[in-house]
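Visitor: I've got this protein open in front of me and don't quite know where to start. Could you pick one part and take me through it up close?

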Amino acid sequence: MTEPPAAADRPDQRAAEKDRAGEKDRAAEKDRAAEKDRVVELLGREWSVIAGLLAGLDDDAWSRPALPGWDVHDVIAHLVGTERTLAGARHPDIPADGDTGEHVRNDIGRVNEAWIVALRDRPHAGLLADFRTVTAERLASLRGMTAEEFSAPSWTPAGQATYARFMQIRIFDCWMHEQDIRTAVAMAGHEGGPVAEQALREVIAAIGYIVGKRGRAPDGSSVRIRLTGPVERDLHVVVDGRARPVEAIDGEPTASLALSSSLFMRLAGGREDAEAALGLIELAGDPALARQLATNLAYTI
């Protein structure tokens, strides 16, 4: 007597499984395409905001200090250089250790400084034109990529990941530098909205490290960081062997902070003196732990 075929061996079953696999692949491809469009649109929006901000600056504003060792001109030279490098341009020679200022403390800093030195004598108007040109070229290139190309494996500043991940980090980097310029020229703005929310996602992704490693929250503790605006968000972290983000905390946290999202991002990016900013942060719960967390939010290189 012939045994009937197993369910998995039946032609109709195999066809159904193939159809389901195809549907799953198509759904994943659709998700990748949607994420690509979202990221590219946000990056293009950020570049447009920066170009508009720069167009209103006079020569004095371009020369104002924005970061240690860099004025506004240098920040834009850094952005121009980074996008030129990503577009395949030859990187300028990296300055020797003795040819850089004290603000350059590592190899990444020396690589960044190469473009600063190369573009330092470029007229401000010319550098703005360079920024508009390279970002337009990059935007066209990104839009022309397939979803598969955009999600391909790639080096990123946060380690090996995908090109999509790299561009998410570019949004964070460009937005942070926009805020550096705004602080330098006293023109606050663009602290809320989709681009700011995407930049905040980068910090949220590292919140376990910030609370556990930088803030040294002890095992068994819990932390709430309340962002009061322009981007409103409650960040919860519990420490149970390691610090990890959670959706909510049962009861009251061991320590909590409440501050604006703008100040939170400046502190996380090392742009603000943490001790001086304490008066702008509401501390609650364990006072020593809350203060320890508030003064150790910086995590970027």
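Guide: We'll get our bearings first, then settle on one strand, β5, and go through its surroundings.

This is a predicted model: local features need pLDDT of at least 70 and side-chain atom pairs 80 or more, while totals for chains, interfaces and linings use all residues. Residues are numbered from 1 along each chain as its sequence is written, and side-chain values use heavy atoms, leaving out hydrogens and water.

Zoom out for a moment. The C-alpha trace of the protein spans about 95 × 50 × 35 Å along its principal axes. Its secondary structure comes to twelve helices and nine strands (DSSP runs: H or I of at least four residues, E of at least two). Of the 301 residues, 44% count as buried (under 20% relative accessible area; exposed is over 50%). If you look at contacts (heavy atoms within 4.5 Å) between residues at least 6 apart in sequence, 65% of them join residues at least 24 apart.

Now find strand β5, residues 222-228. Five of its seven residues are buried, leaving the strand mostly covered. What does β5 pair with? It has strand β6, residues 232-239, as an antiparallel partner, with seven bridges between the two, and it runs parallel to strand β8, residues 255-259, with five bridges joining them (strands pair if DSSP finds at least two bridges).

You can pick out single bridges too. On the β6 side, Thr228 has Glu232 as its bridge partner. On the β8 side, Leu227 is matched with Leu259. Between β5 and β6 the hairpin leaves three residues, and Gly229 in that hairpin takes a positive phi near 130 degrees.

Next, follow the nonpolar side chains. The largest nonpolar core of the structure has 79 residues (buried Ala, Val, Leu, Ile, Met, Phe, Trp, Tyr and Cys, joined through side-chain atoms within 4.5 Å). Ile76, Ile225 and Phe264 are the residues with the most contacts inside that core. The largest share of the core comes from α7, which supplies twelve residues.

Phe264 is a good one to click on, as it brings us back to our strand. Leaving aside residues up to four places away in sequence, Phe264 touches Ile225 and Leu227. Leu259, the bridge partner of Leu227, is also touched by Phe264. The other residues Phe264 touches are Leu200, Val203, Ile207, Leu235 and Leu297.

One more neighbour belongs in this picture: helix α12, residues 287-294. Which parts cover the buried residues of α12? Both β5 and β8 are among them, along with α9 (207-214), α10 (261-268), α11 (274-277) and β9 (282-285). The buried residues of α12 are Leu289, Ala290, Leu293 and Ala294. They sit on the same side of α12, because they cover an arc of only 135 degrees around the axis (taken from the directions from the helix axis to the C-beta atoms). Turn the helix around and you'll see the exposed residues Pro287 and Ala288, on the face pointing away from the buried side.

So that's our close-up: β5 has β6 as its antiparallel partner and β8 as its parallel one, and β5 also helps cover the buried residues of α12.

How values were computed. Buried means under 20% relative accessible area, exposed over 50%, partly exposed in between (1.4 Å probe, protein chains only).
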